[in-house]
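Colleague: Please take me through this model by question and answer, and explain each term when it first comes up.

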Amino acid sequence: MPIESTVYHVLLAMPSEIDAERQAAKDVLLDWNASTGRQQNIHLAPVDANHVDVSRSDLADEIDIVLGAFWTTVGDGPTGGASLADTVKRLAIEDDLPAMIGFSERDIPTNQLDPDQYERLQDFRDECRATGYFTYVDRAEFEQQLSNALARTMDQLLSPSDSASNRADDHEGPSEYDPEVDHERLQLSAAMHREQDERNIDRIVERLQENGIDPPYSVLDAGCGYGTVTQSRFGDDDRFRVLAIDEAEDVLEVATDRYAAPNIEYRWLDVNNLGKADLGPFDIVFASYLFHHIANQESVLSLLWEHVRDDGVLAIRSCEDGQHMHYPPEDEMDWIVDKTDEIPGSSDRTHGRRLPTHLKRLSPPPEDVWLDLKNYHTVGRDSGERRDYWDVFHSNRLHYAKVRAERDDATQEDKQLYETMADRMDRLEDTIIGNEHVFDVKSVPLAVAVK
(Lines give C-alpha, C1' and ligand atoms only; values in the text may rest on other atoms or scores of the structure.)
Protein backbone atom coordinates (compact mmCIF):
# COMPACT_ATOMS: atom_id res chain seq x y z
CA MET A 1 0.00 0.00 0.00
CA PRO A 2 1.22 3.60 -0.60
CA ILE A 3 3.19 5.23 2.20
CA GLU A 4 4.40 8.77 2.77
CA SER A 5 8.09 9.30 2.15
CA THR A 6 10.58 12.14 2.49
CA VAL A 7 12.26 12.77 -0.86
CA TYR A 8 15.75 14.26 -1.30
CA HIS A 9 16.50 15.42 -4.84
CA VAL A 10 20.06 14.66 -5.93
CA LEU A 11 21.39 16.61 -8.91
CA LEU A 12 23.64 14.45 -11.13
CA ALA A 13 26.03 16.93 -12.74
CA MET A 14 28.24 14.91 -15.08
CA PRO A 15 29.54 15.69 -18.58
CA SER A 16 28.55 13.28 -21.35
CA GLU A 17 32.09 11.87 -21.52
CA ILE A 18 31.48 9.93 -18.29
CA ASP A 19 28.08 8.34 -18.88
CA ALA A 20 29.26 5.23 -17.00
CA GLU A 21 29.57 7.27 -13.80
CA ARG A 22 26.07 8.66 -14.27
CA GLN A 23 24.61 5.15 -14.34
CA ALA A 24 26.82 4.07 -11.46
CA ALA A 25 25.61 7.04 -9.41
CA LYS A 26 21.99 6.05 -10.01
CA ASP A 27 22.82 2.51 -8.89
CA VAL A 28 24.43 3.78 -5.67
CA LEU A 29 21.37 5.93 -4.91
CA LEU A 30 19.05 2.99 -5.56
CA ASP A 31 21.14 0.75 -3.31
CA TRP A 32 20.92 3.34 -0.51
CA ASN A 33 17.16 3.59 -0.98
CA ALA A 34 16.81 -0.19 -0.73
CA SER A 35 19.20 -0.79 2.17
CA THR A 36 18.70 2.31 4.31
CA GLY A 37 16.09 4.69 2.98
CA ARG A 38 13.25 2.19 3.01
CA GLN A 39 13.67 1.65 6.75
CA GLN A 40 13.23 5.39 7.38
CA ASN A 41 10.72 6.19 4.62
CA ILE A 42 13.32 8.28 2.82
CA HIS A 43 13.87 8.28 -0.92
CA LEU A 44 16.79 9.70 -2.91
CA ALA A 45 15.59 10.88 -6.32
CA PRO A 46 18.23 11.47 -9.01
CA VAL A 47 17.77 14.59 -11.13
CA ASP A 48 19.84 14.53 -14.32
CA ALA A 49 21.40 17.94 -14.99
CA ASN A 50 20.81 17.33 -18.69
CA HIS A 51 17.05 17.56 -18.07
CA VAL A 52 16.94 20.84 -16.10
CA ASP A 53 17.92 24.44 -16.71
CA VAL A 54 21.11 24.56 -14.62
CA SER A 55 21.41 28.33 -15.11
CA ARG A 56 18.25 29.01 -13.08
CA SER A 57 18.97 31.23 -10.09
CA ASP A 58 16.41 29.37 -7.95
CA LEU A 59 17.72 25.87 -8.73
CA ALA A 60 18.85 25.44 -5.12
CA ASP A 61 15.20 25.56 -4.04
CA GLU A 62 14.54 22.28 -5.84
CA ILE A 63 17.82 20.44 -5.19
CA ASP A 64 18.88 18.97 -1.82
CA ILE A 65 22.22 17.30 -2.66
CA VAL A 66 24.76 17.88 -5.43
CA LEU A 67 26.56 14.93 -7.01
CA GLY A 68 29.20 15.88 -9.55
CA ALA A 69 31.79 13.84 -11.44
CA PHE A 70 34.33 15.10 -13.99
CA TRP A 71 37.16 13.79 -16.14
CA THR A 72 38.60 16.20 -18.75
CA THR A 73 35.96 18.90 -19.22
CA VAL A 74 33.80 21.24 -17.13
CA GLY A 75 30.69 20.27 -19.12
CA ASP A 76 29.87 23.45 -21.01
CA GLY A 77 26.21 24.01 -21.88
CA PRO A 78 25.15 23.82 -25.54
CA THR A 79 24.43 27.55 -25.74
CA GLY A 80 27.51 28.80 -23.92
CA GLY A 81 25.65 29.24 -20.62
CA ALA A 82 26.64 27.92 -17.22
CA SER A 83 28.82 24.82 -17.29
CA LEU A 84 28.14 21.83 -15.03
CA ALA A 85 31.21 22.80 -13.02
CA ASP A 86 29.78 26.32 -12.61
CA THR A 87 26.51 24.81 -11.42
CA VAL A 88 28.20 22.55 -8.88
CA LYS A 89 30.28 25.46 -7.63
CA ARG A 90 27.22 27.69 -7.23
CA LEU A 91 25.09 25.08 -5.46
CA ALA A 92 27.75 23.47 -3.29
CA ILE A 93 30.01 26.40 -2.45
CA GLU A 94 27.84 29.50 -2.75
CA ASP A 95 24.44 28.01 -1.80
CA ASP A 96 26.06 25.59 0.69
CA LEU A 97 24.19 22.46 -0.38
CA PRO A 98 25.70 19.10 0.65
CA ALA A 99 28.00 17.97 -2.14
CA MET A 100 29.73 14.80 -3.32
CA ILE A 101 32.29 15.53 -6.04
CA GLY A 102 34.57 13.09 -7.82
CA PHE A 103 37.36 13.51 -10.35
CA SER A 104 38.40 10.69 -12.66
CA GLU A 105 42.13 9.92 -12.76
CA ARG A 106 42.01 7.43 -15.61
CA ASP A 107 44.35 7.98 -18.54
CA ILE A 108 43.33 10.64 -21.06
CA PRO A 109 43.84 9.91 -24.80
CA THR A 110 45.99 12.66 -26.30
CA ASN A 111 43.51 13.36 -29.09
CA GLN A 112 40.71 13.83 -26.56
CA LEU A 113 42.31 16.48 -24.36
CA ASP A 114 41.19 20.09 -24.78
CA PRO A 115 43.86 22.14 -22.95
CA ASP A 116 41.51 25.05 -22.23
CA GLN A 117 38.79 22.79 -20.82
CA TYR A 118 41.30 20.82 -18.74
CA GLU A 119 42.81 23.98 -17.27
CA ARG A 120 39.35 25.23 -16.31
CA LEU A 121 38.63 21.86 -14.74
CA GLN A 122 41.80 22.00 -12.62
CA ASP A 123 40.85 25.49 -11.41
CA PHE A 124 37.44 24.12 -10.45
CA ARG A 125 39.06 21.20 -8.64
CA ASP A 126 41.11 23.64 -6.56
CA GLU A 127 37.92 25.48 -5.62
CA CYS A 128 36.34 22.22 -4.50
CA ARG A 129 38.62 22.08 -1.50
CA ALA A 130 35.89 24.05 0.25
CA THR A 131 33.58 21.02 0.03
CA GLY A 132 36.06 18.17 -0.32
CA TYR A 133 36.29 15.73 -3.22
CA PHE A 134 37.44 12.23 -4.07
CA THR A 135 39.29 10.71 -7.02
CA TYR A 136 38.88 7.37 -8.76
CA VAL A 137 40.23 5.41 -11.73
CA ASP A 138 37.39 3.07 -12.64
CA ARG A 139 33.70 2.46 -12.08
CA ALA A 140 34.22 0.11 -9.11
CA GLU A 141 36.31 2.68 -7.24
CA PHE A 142 33.83 5.43 -8.12
CA GLU A 143 30.97 3.40 -6.66
CA GLN A 144 32.91 2.66 -3.47
CA GLN A 145 34.01 6.26 -2.94
CA LEU A 146 30.53 7.57 -3.71
CA SER A 147 28.90 5.06 -1.35
CA ASN A 148 31.17 6.24 1.48
CA ALA A 149 30.49 9.90 0.69
CA LEU A 150 26.75 9.28 0.51
CA ALA A 151 26.71 7.53 3.89
CA ARG A 152 28.46 10.51 5.49
CA THR A 153 26.22 13.04 3.75
CA MET A 154 22.98 11.36 4.73
CA ASP A 155 24.14 10.87 8.32
CA GLN A 156 24.76 14.61 8.54
CA LEU A 157 21.44 15.48 6.93
CA LEU A 158 19.42 13.12 9.09
CA SER A 159 21.07 13.88 12.44
CA PRO A 160 18.95 16.45 14.32
CA SER A 161 21.84 17.28 16.63
CA ASP A 162 24.10 18.18 13.74
CA SER A 163 23.00 21.30 11.94
CA ALA A 164 26.39 21.96 10.41
CA SER A 165 26.91 21.59 6.70
CA ASN A 166 29.54 19.34 5.21
CA ARG A 167 31.82 22.22 4.33
CA ALA A 168 35.45 21.96 5.36
CA ASP A 169 35.32 25.46 6.86
CA ASP A 170 32.90 24.11 9.48
CA HIS A 171 35.50 21.51 10.51
CA GLU A 172 32.95 18.81 9.85
CA GLY A 173 34.48 15.46 9.03
CA PRO A 174 33.33 11.86 9.23
CA SER A 175 35.02 11.32 12.58
CA GLU A 176 33.57 12.41 15.91
CA TYR A 177 36.96 11.85 17.49
CA ASP A 178 37.77 14.03 20.51
CA PRO A 179 41.51 14.31 21.30
CA GLU A 180 40.74 15.87 24.67
CA VAL A 181 39.72 12.46 26.05
CA ASP A 182 42.71 10.65 24.59
CA HIS A 183 45.92 12.19 25.95
CA GLU A 184 47.29 9.10 27.68
CA ARG A 185 46.65 6.81 24.72
CA LEU A 186 48.30 9.30 22.36
CA GLN A 187 51.40 9.30 24.54
CA LEU A 188 51.57 5.51 24.24
CA SER A 189 51.00 5.73 20.50
CA ALA A 190 53.79 8.28 20.06
CA ALA A 191 56.21 6.05 21.92
CA MET A 192 55.17 2.91 20.04
CA HIS A 193 55.60 4.44 16.57
CA ARG A 194 58.80 6.34 17.32
CA GLU A 195 61.22 3.89 15.68
CA GLN A 196 59.16 3.76 12.49
CA ASP A 197 58.89 7.55 12.28
CA GLU A 198 62.55 8.21 13.06
CA ARG A 199 63.69 5.64 10.49
CA ASN A 200 61.77 7.48 7.80
CA ILE A 201 62.78 10.93 9.02
CA ASP A 202 66.42 9.85 8.68
CA ARG A 203 65.71 8.69 5.13
CA ILE A 204 63.93 11.98 4.41
CA VAL A 205 66.92 13.99 5.65
CA GLU A 206 69.22 11.95 3.42
CA ARG A 207 66.96 12.68 0.46
CA LEU A 208 66.91 16.40 1.23
CA GLN A 209 70.69 16.44 1.42
CA GLU A 210 70.91 14.61 -1.91
CA ASN A 211 68.69 17.34 -3.37
CA GLY A 212 71.02 20.04 -2.09
CA ILE A 213 68.80 21.27 0.75
CA ASP A 214 70.72 22.13 3.90
CA PRO A 215 69.46 22.32 7.49
CA PRO A 216 67.74 23.71 9.37
CA TYR A 217 64.81 22.07 7.61
CA SER A 218 61.43 23.80 7.80
CA VAL A 219 58.76 21.37 9.01
CA LEU A 220 54.98 21.65 9.03
CA ASP A 221 53.34 19.17 11.41
CA ALA A 222 49.68 19.15 10.34
CA GLY A 223 47.24 17.98 12.99
CA CYS A 224 49.84 17.87 15.77
CA GLY A 225 47.37 17.29 18.62
CA TYR A 226 49.05 17.41 22.01
CA GLY A 227 52.49 17.61 20.38
CA THR A 228 53.56 14.21 21.70
CA VAL A 229 54.84 13.17 18.27
CA THR A 230 56.04 16.66 17.30
CA GLN A 231 58.30 17.05 20.31
CA SER A 232 59.73 13.52 20.25
CA ARG A 233 60.48 13.48 16.50
CA PHE A 234 61.65 17.06 15.92
CA GLY A 235 61.98 18.88 19.25
CA ASP A 236 65.33 20.10 20.59
CA ASP A 237 66.97 19.14 17.28
CA ASP A 238 68.86 21.93 15.52
CA ARG A 239 68.23 20.25 12.16
CA PHE A 240 64.56 21.24 12.25
CA ARG A 241 62.50 24.40 12.56
CA VAL A 242 58.90 23.34 13.19
CA LEU A 243 55.45 24.88 12.84
CA ALA A 244 52.89 22.53 14.43
CA ILE A 245 49.20 23.25 13.82
CA ASP A 246 45.91 21.87 15.09
CA GLU A 247 42.29 23.05 15.22
CA ALA A 248 41.74 22.00 18.88
CA GLU A 249 42.69 25.04 20.95
CA ASP A 250 42.54 23.32 24.36
CA VAL A 251 44.80 20.54 23.12
CA LEU A 252 47.34 23.07 21.84
CA GLU A 253 47.47 24.66 25.30
CA VAL A 254 48.71 21.31 26.64
CA ALA A 255 51.18 21.05 23.77
CA THR A 256 52.62 24.50 24.53
CA ASP A 257 52.86 23.71 28.22
CA ARG A 258 54.11 20.11 28.22
CA TYR A 259 55.69 19.47 24.82
CA ALA A 260 57.45 22.74 24.11
CA ALA A 261 60.87 23.05 22.51
CA PRO A 262 62.91 26.06 21.34
CA ASN A 263 62.56 25.00 17.70
CA ILE A 264 58.77 24.35 17.77
CA GLU A 265 55.98 26.88 17.33
CA TYR A 266 52.47 25.63 18.09
CA ARG A 267 49.70 27.49 16.29
CA TRP A 268 45.92 27.23 16.31
CA LEU A 269 45.01 26.59 12.67
CA ASP A 270 42.71 24.18 10.88
CA VAL A 271 44.50 22.27 8.14
CA ASN A 272 41.65 23.15 5.75
CA ASN A 273 42.57 26.83 6.08
CA LEU A 274 46.23 26.51 5.13
CA GLY A 275 45.62 28.34 1.88
CA LYS A 276 44.43 31.40 3.78
CA ALA A 277 47.33 31.44 6.26
CA ASP A 278 50.11 32.37 3.80
CA LEU A 279 52.66 30.08 5.45
CA GLY A 280 54.90 29.53 2.46
CA PRO A 281 56.60 26.27 1.43
CA PHE A 282 58.22 23.72 3.76
CA ASP A 283 61.02 21.21 3.32
CA ILE A 284 59.00 18.58 5.19
CA VAL A 285 55.23 18.35 5.64
CA PHE A 286 54.33 15.68 8.19
CA ALA A 287 50.96 14.37 9.35
CA SER A 288 50.47 11.58 11.88
CA TYR A 289 47.05 9.91 12.21
CA LEU A 290 45.25 12.93 10.76
CA PHE A 291 43.60 11.76 7.57
CA HIS A 292 41.37 9.01 8.93
CA HIS A 293 39.55 11.70 10.94
CA ILE A 294 38.69 14.07 8.07
CA ALA A 295 36.11 13.84 5.29
CA ASN A 296 37.84 15.72 2.46
CA GLN A 297 40.97 13.58 2.51
CA GLU A 298 42.19 14.08 -1.03
CA SER A 299 41.58 17.83 -1.15
CA VAL A 300 43.53 18.26 2.10
CA LEU A 301 46.29 16.02 0.78
CA SER A 302 46.50 18.21 -2.31
CA LEU A 303 46.57 21.32 -0.13
CA LEU A 304 49.46 19.96 1.94
CA TRP A 305 51.29 19.04 -1.26
CA GLU A 306 51.15 22.66 -2.37
CA HIS A 307 53.02 23.59 0.82
CA VAL A 308 55.90 21.25 -0.01
CA ARG A 309 58.80 23.04 -1.69
CA ASP A 310 60.42 21.63 -4.81
CA ASP A 311 62.63 18.67 -3.80
CA GLY A 312 60.85 18.58 -0.43
CA VAL A 313 58.78 15.72 0.99
CA LEU A 314 55.29 14.93 2.28
CA ALA A 315 55.14 12.18 4.94
CA ILE A 316 51.82 10.71 6.13
CA ARG A 317 51.22 8.05 8.78
CA SER A 318 47.71 6.64 8.64
CA CYS A 319 45.39 3.90 9.88
CA GLU A 320 44.49 0.58 8.28
CA ASP A 321 42.27 -2.19 9.66
CA GLY A 322 42.44 -4.32 6.54
CA GLN A 323 45.64 -6.08 7.59
CA HIS A 324 44.51 -6.73 11.14
CA MET A 325 45.00 -10.40 12.06
CA HIS A 326 43.96 -12.35 15.13
CA TYR A 327 44.49 -15.94 16.28
CA PRO A 328 42.88 -18.11 17.56
CA PRO A 329 39.85 -17.08 15.50
CA GLU A 330 37.65 -14.75 17.50
CA ASP A 331 34.22 -13.78 16.23
CA GLU A 332 33.93 -10.95 18.76
CA MET A 333 37.15 -9.34 17.50
CA ASP A 334 35.95 -9.58 13.88
CA TRP A 335 32.64 -8.05 14.95
CA ILE A 336 34.36 -5.18 16.80
CA VAL A 337 36.61 -4.35 13.83
CA ASP A 338 33.71 -4.43 11.36
CA LYS A 339 31.37 -2.50 13.64
CA THR A 340 33.94 0.25 14.24
CA ASP A 341 33.93 1.00 10.53
CA GLU A 342 30.13 0.96 10.27
CA ILE A 343 29.25 3.38 13.07
CA PRO A 344 28.37 6.81 11.63
CA GLY A 345 30.90 9.34 12.87
CA SER A 346 33.69 6.79 13.30
CA SER A 347 37.16 7.32 11.85
CA ASP A 348 38.10 5.93 8.43
CA ARG A 349 40.19 2.90 9.37
CA THR A 350 40.69 1.87 5.74
CA HIS A 351 42.49 5.06 4.71
CA GLY A 352 45.95 3.50 4.81
CA ARG A 353 45.35 1.21 1.84
CA ARG A 354 44.51 4.21 -0.38
CA LEU A 355 47.34 6.44 0.78
CA PRO A 356 50.15 5.38 -1.64
CA THR A 357 47.78 5.61 -4.62
CA HIS A 358 46.48 9.02 -3.55
CA LEU A 359 50.06 10.27 -3.19
CA LYS A 360 50.88 9.09 -6.71
CA ARG A 361 47.85 11.00 -8.04
CA LEU A 362 49.05 14.34 -6.66
CA SER A 363 49.71 17.17 -9.09
CA PRO A 364 52.49 17.71 -9.99
CA PRO A 365 53.23 13.98 -9.74
CA PRO A 366 55.81 13.05 -7.07
CA GLU A 367 59.28 12.11 -8.25
CA ASP A 368 59.20 9.20 -5.82
CA VAL A 369 56.79 7.55 -3.38
CA TRP A 370 57.82 5.00 -0.78
CA LEU A 371 55.85 3.02 1.78
CA ASP A 372 57.00 1.82 5.18
CA LEU A 373 54.52 -0.80 6.41
CA LYS A 374 55.33 -1.90 9.96
CA ASN A 375 53.67 -4.72 11.89
CA TYR A 376 52.90 -4.27 15.58
CA HIS A 377 51.90 -7.45 17.41
CA THR A 378 51.50 -9.21 20.76
CA VAL A 379 53.91 -12.13 20.27
CA GLY A 380 56.64 -12.29 22.89
CA ARG A 381 55.23 -9.33 24.80
CA ASP A 382 54.65 -9.31 28.53
CA SER A 383 51.24 -8.37 29.95
CA GLY A 384 52.19 -4.70 30.34
CA GLU A 385 53.29 -4.47 26.72
CA ARG A 386 50.13 -6.25 25.58
CA ARG A 387 48.08 -3.75 27.59
CA ASP A 388 49.84 -0.88 25.79
CA TYR A 389 49.16 -2.63 22.48
CA TRP A 390 45.46 -2.92 23.32
CA ASP A 391 45.25 0.71 24.41
CA VAL A 392 46.91 2.01 21.25
CA PHE A 393 45.19 -0.11 18.61
CA HIS A 394 41.81 -1.11 20.00
CA SER A 395 40.68 0.76 23.12
CA ASN A 396 39.43 3.86 21.31
CA ARG A 397 37.05 1.86 19.09
CA LEU A 398 34.36 2.20 21.75
CA HIS A 399 34.49 6.01 21.67
CA TYR A 400 32.25 6.39 18.60
CA ALA A 401 29.51 4.12 19.92
CA LYS A 402 29.65 5.97 23.23
CA VAL A 403 29.28 9.37 21.55
CA ARG A 404 26.16 8.25 19.69
CA ALA A 405 24.63 6.58 22.73
CA GLU A 406 25.03 9.77 24.79
CA ARG A 407 23.36 12.08 22.26
CA ASP A 408 20.07 13.67 23.29
CA ASP A 409 18.44 12.06 20.26
CA ALA A 410 20.07 8.65 20.74
CA THR A 411 17.87 5.73 19.69
CA GLN A 412 17.44 2.54 21.65
CA GLU A 413 19.56 0.85 18.99
CA ASP A 414 22.38 3.36 19.61
CA LYS A 415 22.30 2.64 23.35
CA GLN A 416 22.11 -1.11 22.84
CA LEU A 417 25.06 -1.05 20.43
CA TYR A 418 27.18 0.78 22.97
CA GLU A 419 26.29 -1.66 25.76
CA THR A 420 26.98 -4.68 23.55
CA MET A 421 30.22 -3.25 22.23
CA ALA A 422 31.46 -2.29 25.71
CA ASP A 423 30.74 -5.78 27.03
CA ARG A 424 32.54 -7.47 24.15
CA MET A 425 35.53 -5.15 24.37
CA ASP A 426 35.91 -5.86 28.09
CA ARG A 427 36.19 -9.56 27.32
CA LEU A 428 38.60 -8.99 24.43
CA GLU A 429 40.78 -6.73 26.54
CA ASP A 430 41.08 -9.40 29.22
CA THR A 431 41.89 -12.02 26.57
CA ILE A 432 44.60 -10.07 24.78
CA ILE A 433 46.26 -8.80 27.95
CA GLY A 434 45.97 -11.99 29.99
CA ASN A 435 46.65 -14.72 27.43
CA GLU A 436 50.16 -14.83 25.98
CA HIS A 437 49.06 -17.38 23.37
CA VAL A 438 46.71 -14.91 21.66
CA PHE A 439 48.23 -13.43 18.50
CA ASP A 440 46.99 -10.00 17.43
CA VAL A 441 48.73 -7.88 14.80
CA LYS A 442 48.15 -4.46 13.25
CA SER A 443 49.99 -2.99 10.24
CA VAL A 444 50.66 0.74 10.23
CA PRO A 445 51.48 2.44 6.91
CA LEU A 446 53.75 5.47 6.64
CA ALA A 447 54.00 6.80 3.09
CA VAL A 448 56.36 9.49 1.77
CA ALA A 449 56.17 11.48 -1.48
CA VAL A 450 59.13 13.45 -2.87
CA LYS A 451 58.25 16.56 -4.86
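Colleague: Which residue in β7 does Ser 218 stand opposite?
Modeller: Strands are DSSP runs of E with at least two residues, helices are runs of H or I with at least four residues, and both are numbered from the N terminus. In β7, the residue standing opposite Ser 218 is Arg 241.

Colleague: At what pLDDT do side-chain atom pairs count?
Modeller: Residues are numbered from 1 along each chain as its sequence is written, and side-chain values use heavy atoms, with hydrogens and water left out. This is a predicted model, in which totals for chains, interfaces and linings use all residues, local features need pLDDT of at least 70, and side-chain atom pairs count only at pLDDT 80 or more.

Colleague: How many bridges join β6 to β7?
Modeller: Two strands are said to pair if DSSP finds at least two bridges between them. Strand β6 covers residues 217-222 and runs parallel to β7, and Leu 220 is found opposite Leu 243 in β7. The number of bridges that join β6 to β7 is 6.

Colleague: Which strand do 3 bridges join to β6?
Modeller: The two strands in question run parallel, and Val 219 has Ile 284 as its bridge partner. The strand, formed by residues 282-288, is β9.

Colleague: Is β6 largely enclosed or left open, and how many of its residues are buried?
Modeller: Buried means under 20% relative accessible area, exposed means over 50%, and partly exposed lies in between, with a 1.4 Å probe and protein chains only. On one side of β6, Tyr 217, Val 219 and Asp 221 are buried, and on the other side Ser 218, Leu 220 and Ala 222 are buried too. The strand is therefore largely enclosed by the rest of the structure, the count of buried residues being 6 of the 6.

Colleague: Which helix makes a right-handed β-α-β unit with β7 and β8?
Modeller: A crossover is right-handed if, with the strands pointing away from the viewer, the path from the first strand over the helix to the second runs clockwise. Strands β7 and β8 (residues 264-268) run parallel and are joined by 5 bridges, with Arg 267 as the bridge partner of Ile 245. The helix that completes this unit spans residues 249-258 and is α8.

Colleague: In what order do the strands of the open sheet stand?
Modeller: The sheet has 5 strands with parallel pairing, in the order β2-β1-β3-β4-β5. Because β2 (42-48) and β5 (134-136) each have a single partner strand, one side of each is left without a neighbour in the sheet, and the strands at the edges are thus β2 and β5.

Colleague: What angle does the direction of helix α2 make with that of β3?
Modeller: Contact means heavy atoms within 4.5 Å, while axes are lines fitted to C-alpha atoms, for helices over the stretch in contact, and angles between N-to-C directions run from 0 to 180 degrees. Helix α2 (residues 84-94) packs on the sheet and touches β1, β3 and β4, and its direction makes with that of β3 an angle of about 145°.

Colleague: How far is the backbone oxygen of Asn 296 from a polar atom of the side chain of Ser 299?
Modeller: Ser 299 lies in helix α10 (residues 297-306), and because its relative accessibility is 1%, it counts as buried. The distance from the backbone oxygen of Asn 296 to that polar side-chain atom of Ser 299 is 3.0 Å.

Methods
Polar contact = N/O pair within 3.5 Å; in protein donor to acceptor, adjacent residues only side chain to side chain.
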